[in-house]
Amino acid sequence: MSGLDGRVAFITGAGRGQGRAHAIRLAREGADIIAVDICENVASMTYPNASQEDLDETARLVEKEGRRVVARKADVRDFAALRNAFEAGHDEFGRVDIILANAGIIKMGPEDPDNFLDEWNDVIDTNLTGVFHTIRAALPAMREGGRGGSIVITSSSAGIKASASINASGNAYASAKRGVVALMQGLANYLAPEWIRVNTIHPTGVASGMTMNEAMQKLMEEAAKGGANTISGMQNALPIQMLEAEDVANAVAYLVSDEAKFITGTQWALDAGFTVR
């Protein structure tokens, strides 16, 4: 794999899980990192988000790889705050070559009938509008650099094949993850002459704070007993229940490298065969 020496990656949702794994993996390849996370909980969700301590640990692990990092707290739903966080890193490093729009949420468990609109809006605002905010915050600097670049949007297997659901959050999640594909395709076409590549990745379940929590454990126990819920119909073709965050990070490291310089406009199913079942 070609190294990423001298390059800079802007990563959202970097406090833990896939975002942290991306930061460490790209740092290992030589990239400096602008790491952003919300570092607080979303009231409509049923599991805790990353904390400031988690984001600090990501920064420490990047530095352990011998690379520089600027880590900032920002909510991808807040464009001004997100842009300020990016600019703090850009001021430090003077360039951006990679944008990983990774931050995402979903409510585990049944919807709250009194707050289902909050559940819908929070997921759409984070997983779709937040992706748009992330790209728009950093894309002008990438284009001005004139060196091309790579944008990778974290979609989901749900962005290819939605699971059965009537819940607001589950429907919002699938809608957002499918919506970012259209965003990717429009950007990939427009930016191709500038050698800026844009792709989506579509992981199946990944072991992270989103999936390894009390709310998910209850769903898994219910499904194992034959109950019908938002995960009961989800099954990979390969005999693996979940990916590790590092599995996804390894794929992303390839996708942003020079070895993938001809890949743009693609939906890469990192799904253990989920979408063919």
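# Exercises on a predicted parallel-sheet model

S1 and strand S2 (residues 32–37) pair in the parallel sense over five bridges; two strands count as paired if DSSP finds at least two bridges between them. Helices (H or I, at least four residues) and strands (E, at least two) are DSSP runs, numbered from the N terminus.

The model is predicted, so local features need pLDDT of at least 70 and side-chain atom pairs count only at pLDDT 80 or more, while totals for chains, interfaces and linings use all residues. Residues are numbered from 1 along each chain as its sequence is written, and side-chain values use heavy atoms, with hydrogens and water left out.

**Exercise 1. Find the order of the strands in the open sheet and its edge strands.**

Step 1. Begin with the S1 and S2 pair: threonine 12 stands opposite valine 36 in S2.

Step 2. Go on to S4. Strand S1 (residues 8–12) runs parallel to S4, joined by three bridges, and alanine 9 stands opposite isoleucine 98 in S4.

Step 3. Continue to S5. Four bridges join S4 to strand S5 (residues 149–154), again in parallel. Here leucine 100 stands opposite valine 152 in S5. Between S4 and S5 the chain passes through helix H4 (residues 116–145), a β-α-β crossover that is right-handed (with the strands pointing away from the viewer, the path from the first strand over the helix to the second runs clockwise).

Step 4. Write out the whole sheet. The seven strands have the order S3-S2-S1-S4-S5-S6-S9, with parallel pairing. Strand S3 (69–73) and strand S9 (267–270) are the edges, each pairing on one side only. From one strand to the next, the twist averages 15°.

**Exercise 2. State which way the side chains of strand S4 point, and whether they are buried or exposed.**

Step 1. Recall the general pattern: in a regular strand the side chains alternate between the two faces of the sheet.

Step 2. Apply this to strand S4 (residues 98–101). Ile98 and Leu100 point one way, and Ile99 and Ala101 the other way.

Step 3. Check burial. All four are buried, where buried means under 20% relative accessible area, exposed over 50%, and partly exposed in between (1.4 Å probe, protein chains only).

**Exercise 3. Describe how helix H1 packs against helix H7.**

Step 1. Two packed helices are described by the angle between their axes and the distance between the axes.

Step 2. Helix H1 (residues 17–28) and helix H7 (residues 245–255) pack at an angle of about 50°, with axes 8 Å apart. Axes are lines fitted to C-alpha atoms, for helices over the stretch in contact, and angles run from 0 to 180 degrees between N-to-C directions.

Step 3. That angle makes H1 oblique to H7; angles under 35 degrees count as roughly parallel, over 145 as roughly antiparallel, 65 to 115 as roughly perpendicular and the rest as oblique.

Step 4. List the residues that meet, with contact meaning heavy atoms within 4.5 Å. The H1 side includes Gly17, Ala21 and Arg25, and the H7 side includes Ala245, Val248 and Val252.

**Exercise 4. Compare the surroundings of threonine 154 and proline 48.**

Step 1. Threonine 154 is in strand S5 and is buried, with a relative accessible area of 7%. Not counting residues up to four places away in sequence, threonine 154 touches Gln18, Ala101, Asn102, Lys177 and Ile201.

Step 2. Proline 48 is in the loop between S2 and helix H2 (52–64) and is partly exposed, at 49% relative accessible area. Under the rule that leaves out residues up to four places away in sequence, proline 48 touches Arg16 and Asn41.
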